[in-house]
Amino acid sequence: MKLCCLVVAVLVATAVAQPAPTCDPPPQWEAYEHKIIETSRYFARRKISYDQTNQRVREIEEVDNFNETSEVFDILYLYNENIYYSLNLRTRVCVNGTLRSEFHTRGVPVGANFTGQTYLGTSIDPVNSLLVNEYRGDTARGYYVGFFTNTGCLPISHDYFTPDGSFYHYLYFDIVAGISDPNVFIPPEECRH
C-alpha cells in the first residue's frame with residue numbers, strides 16, 4: 001500500500017513538474033483575423049499577412065460601423081521604417097503617417113506564462129478536437145489571455161484588458177505558414193505618389 005501511494009505521489013509530482021511547452025509560432029504567416037474592441041463597438045474582419053522577422057503587417061480590413069456604412073481599407077504597417085499606409089478601397093484615398101505604437105507580436109507576449117492545456121471541442125474525441133495551450137499574464141499592453149495550437153503554436157485568440165478599461169479580442173482563422181506574395185509589403189500604388 002505504501003509503495004502504491006509512493007508511486008502515485010511520484011507520478012503526480014512528475015506531471016506537475018513538466019516544463020511548459022515551448023511556443024514558437026512561424027515568423028511569417030497569413031490568416032483571417034477578427035478584431036473586436038468592446039468599449040468602442042469596433043468590429044473588423046481582415047485578411048492579414050504577418051512578418052515578425054521584418055516587423056511588417058498587411059491588412060485588408062472591413063470595418064463594421066454598426067448600422068452605418070462599412071468601410072474597407074488596405075493597411076500596411078512597416079514598423080522598421082516607423083510608417084503606415086492606409087488606403088480606403090471605396091474612395092481610393094491614401095493616408096500615411098508615423099506609427100505611434102511598437103510592433104504587436106501575434107506570438108506569446110513578454111510577461112505571459114503557460115497556464116495549461118484544453119481541447120477546443122471535446123477531450124473524449126481528440127481526432128475531431130484541437131489541443132490548445134493557454135498563456136496569461138501582465139504585459140506591456142495590459143492583462144493578456146491567449147490560446148495557441150499545441151502543435152505549431154499557431155494563434156487562435158488573444159485578449160487584452162488594458163489599463164484604461166478597454167477590452168481587445170483577436171480571433172484567427174485559416175492560418176497558413178509563409179507569405180504567398182512577397183510584394184504584399186510594398187505600399188499600394190495610390191500611396192506611392
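Okay, so let's start with strands S10 and S11. S10 covers residues 155-161, and five bridges join S10 to S11, with the two running antiparallel. Keep in mind that we're looking at a predicted model here.

If you want one pair to click on, try Phe161: its bridge partner in S11 is Phe167. Now, what sits between the two strands of this hairpin? There are five residues there, and one of them, Gly165, takes a positive phi near 95°.

Stay with S11 for a moment, because there's another partner to look at. On its other pairing, S11, residues 167-177, lines up with strand S1, residues 28-37. How many bridges do S1 and S11 share, and in which sense do they pair? They share eight bridges, and the sense is antiparallel. For a pair to find on screen, take Glu30, which stands opposite Val176 in S11.

While we're at S11, have a look at Asp174, which lies in that strand. Its phi is near 50°, so to speak a positive value in a residue other than glycine. Is Asp174 buried or exposed? Asp174 has a relative accessible area of 60%, and because exposed means over 50%, that residue counts as exposed.

There's a second residue like that, so let's hop over to Arg92. Arg92 isn't a glycine either, yet its phi is positive, about 65°. Where is Arg92 found? Look in the loop between strand S5, 83-88, and strand S6, 94-98. Arg92 has 41% relative accessibility, so it goes down as partly exposed.

Right, let's zoom out to the whole protein. What would you count if you went through the helices and strands? You'd get one helix and eleven strands. Reading along the sequence, the helix comes up at the start of the pattern, and then it's β after β to the end: α-β-β-β-β-β-β-β-β-β-β-β.

How much of the protein is buried? The protein has 193 residues, and 38% of them count as buried. On the outside, the protein exposes about 11500 Å², and carbon and sulfur atoms supply 56% of that.

One last number, on contacts. Take the contacts between residues at least 6 apart in sequence: 39% of those join residues at least 24 apart.

So if you open the structure later, begin with Phe161 and Phe167, then go along S11 to Asp174, and finish with Arg92 in its loop between S5 and S6.

Definitions and conventions: Residues numbered from 1 in each chain as written. Predicted model: local features only at pLDDT ≥ 70, side-chain atom pairs only at ≥ 80, totals over all residues. Heavy atoms only, no water. Helix = DSSP H or I, 4+ residues; strand = E, 2+ residues; numbered from the N terminus. Buried < 20%, exposed > 50% of the residue type's maximum accessible area, 1.4 Å probe, protein only. Contact = heavy atoms within 4.5 Å. Areas by Shrake-Rupley, 256 points an atom, 1.4 Å probe, with all protein chains shown as cover. Pairing = 2+ DSSP bridges.
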